[in-house]
Amino acid sequence: MRHLFKVLVASVALAAAAPAMAQYMFREEWQKRKDAEAALNQPLEPVLQHPLWNNVIRVNVGVSFFYSEYYNCNYWGIYYPTYTCNGGSWMSYIPFTLGPQIDLNLGGMNNLSVGFNVYMGTATGTVYGGVQAVSASSSVTIWEPTIDYVAKFGTAAQGTVPRFRVGGGMYIGPNAELGGAFRIGGGVSFLNSGRLGIGLDMVFEGGVYNGYWIGGLQLVASPEFHF
């Protein structure tokens with residue numbers, strides 16, 4: 001009788017626990033099925049894709065190195081004129097360089113870059129005439145609107161993207177002195193896939209300013225805003 005009573009109690013306990021065990025086993029099996037569905041198909045919730053920013057606004061900050069040299073030349077003689085130079089001059093200009101720039105994507109690797117540079121520094125020159133040399137220096141500010149074609153070798157999803165640029169600029173100096181230059185150079189953007197990045201550029205310039213040949217080199221760094 002006592003043995004039969006123990007069996008009856010055990011049966012009642014198992015019967016009471018069966019719904020809870022079934023519920024636990026069902027939940028575990030349901031979670032396994034959901035995990036399998038997520039692995040074989042797609043996640044239950046859509047994944048937000050990283051936006052791609054193909055256009056750039058930057059502010060160039062750096063230094064430039066300009067140099068100009070010319071000679072005082074004249075025609076001499078009456079019957080047999082000759083072209084001789086009896087003196088020369090040179091000018092050195094190493095200004096602080098600052099200016100905004102915007103790159104607009106035209107599709108693929110092609111971009112149009114528009115901006116302007118402000119050069120602020122002291123121009124130092126020496127004029128040679130015969131045996132006498134006269135040196136002088138003056139504080140000069142020159143404005144240069146620029147327009148370049150820029151080829152970028154990478155996509156907006158890459159972190160580091162190099163670039164090549166070629167274009168032109170116009171010099172606007174004191175007393176309405178004008179000039180222009182051909183521009184060619186290269187650079188690189190770091191943190192390119194993010195909203196904020198940084199760029200480094202080196203640009204060579206060669207042209208004419210106020211009637212004299214002039215050459216220059218720009219070395220600039222720039223915080224970038226991608227949009």
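Visitor: What pattern does the protein chain follow, read along the sequence?
Guide: The secondary structure of this predicted model comes to one helix and nine strands. Both kinds of element are DSSP runs numbered from the N terminus, with helices being H or I over at least four residues and strands being E over at least two. Read along the sequence, the chain goes α-β-β-β-β-β-β-β-β-β.

Visitor: At what pLDDT do side-chain atom pairs count?
Guide: Residues are numbered from 1 along each chain as its sequence is written, and side-chain values use heavy atoms, with hydrogens and water left out. Since we're looking at a predicted model, totals for chains, interfaces and linings use all residues, local features need pLDDT of at least 70, and side-chain atom pairs count only at pLDDT 80 or more.

Visitor: Over which residues is the pLDDT below 50, with zero contacts beyond near neighbours in sequence?
Guide: pLDDT is the predictor's confidence in each residue, from 0 to 100. The chain has a mean of 80, and 66% of its residues reach 70 or more. The stretch with pLDDT below 50 and zero contacts (heavy atoms within 4.5 Å) beyond near neighbours in sequence is residues 1–26.

Visitor: What share of the 227 residues is buried?
Guide: Buried means under 20% relative accessible area, exposed means over 50%, and partly exposed is in between, using a 1.4 Å probe and protein chains only. The accessible surface of the chain comes to about 14800 Å², with 68% of it belonging to carbon and sulfur atoms; that's Shrake-Rupley with a 1.4 Å probe, and for residues only the protein chains shown count as cover. Of the 227 residues, the buried share is 29%.

Visitor: How many salt bridges does a search of the whole structure find?
Guide: Side chains of opposite charge can pair when their charged atoms come close. Here a salt bridge is a side-chain nitrogen of Lys or Arg within 4 Å of a carboxyl oxygen of Asp or Glu. With that cut-off, the whole-structure count is eight.

Visitor: How far apart in sequence are Glu224 and Arg58?
Guide: Their side chains meet in a salt bridge, 3.1 Å from N to O. Glu224 sits in strand S9 (residues 212–226) and Arg58 in strand S1 (residues 56–76), so by the DSSP runs the pair links distant parts of the chain. Both Glu224 and Arg58 are buried. The sequence separation of Glu224 and Arg58 is 166 residues.

Visitor: Lys152 pairs with Asp103; is Asp103 buried or exposed?
Guide: Lys152 and Asp103 form a salt bridge whose closest N and O atoms are 3.6 Å apart. The pair links Lys152 in strand S5 (residues 132–152) with Asp103 in strand S3 (residues 96–107), 49 residues apart. Lys152 has 11% relative accessibility, so it counts as buried. Asp103 has 0%, and therefore it too counts as buried.

Visitor: Which residues are joined into one network by salt bridges that share partners?
Guide: Another pair is Asp201 with Arg163, whose closest N and O atoms are 2.7 Å apart. Asp201 lies in strand S8 (residues 196–209) and Arg163 in strand S6 (residues 160–172), so this salt bridge ties together parts that are 38 residues apart in sequence. The network joins Arg58, Asp103, Lys152, Arg163, Asp201 and Glu224.

Visitor: Which elements give two or more residues to the largest nonpolar core?
Guide: A nonpolar core is a set of buried Ala, Val, Leu, Ile, Met, Phe, Trp, Tyr and Cys residues joined through side-chain atoms within 4.5 Å. The largest one has 10 residues, including Phe66, Tyr93, Tyr119, Val140 and Ile214. The elements that give two or more residues to this core are strand S4 (110–129) and S5.

Visitor: What is the C-alpha to C-alpha distance between Trp90 and Ile214?
Guide: Ile214 belongs to that core, while Trp90 lies in strand S2 (residues 82–93). Trp90 has a relative accessible area of 26%, so it is partly exposed. Trp90 and Ile214 are 124 residues apart in sequence, and their C-alpha distance is 10.0 Å.

Visitor: Where is Leu191, a residue other than glycine with positive phi?
Guide: Its phi is near 55 degrees. Leu191 has 56% relative accessibility, so it counts as exposed. Its place is the loop between S7 and S8.
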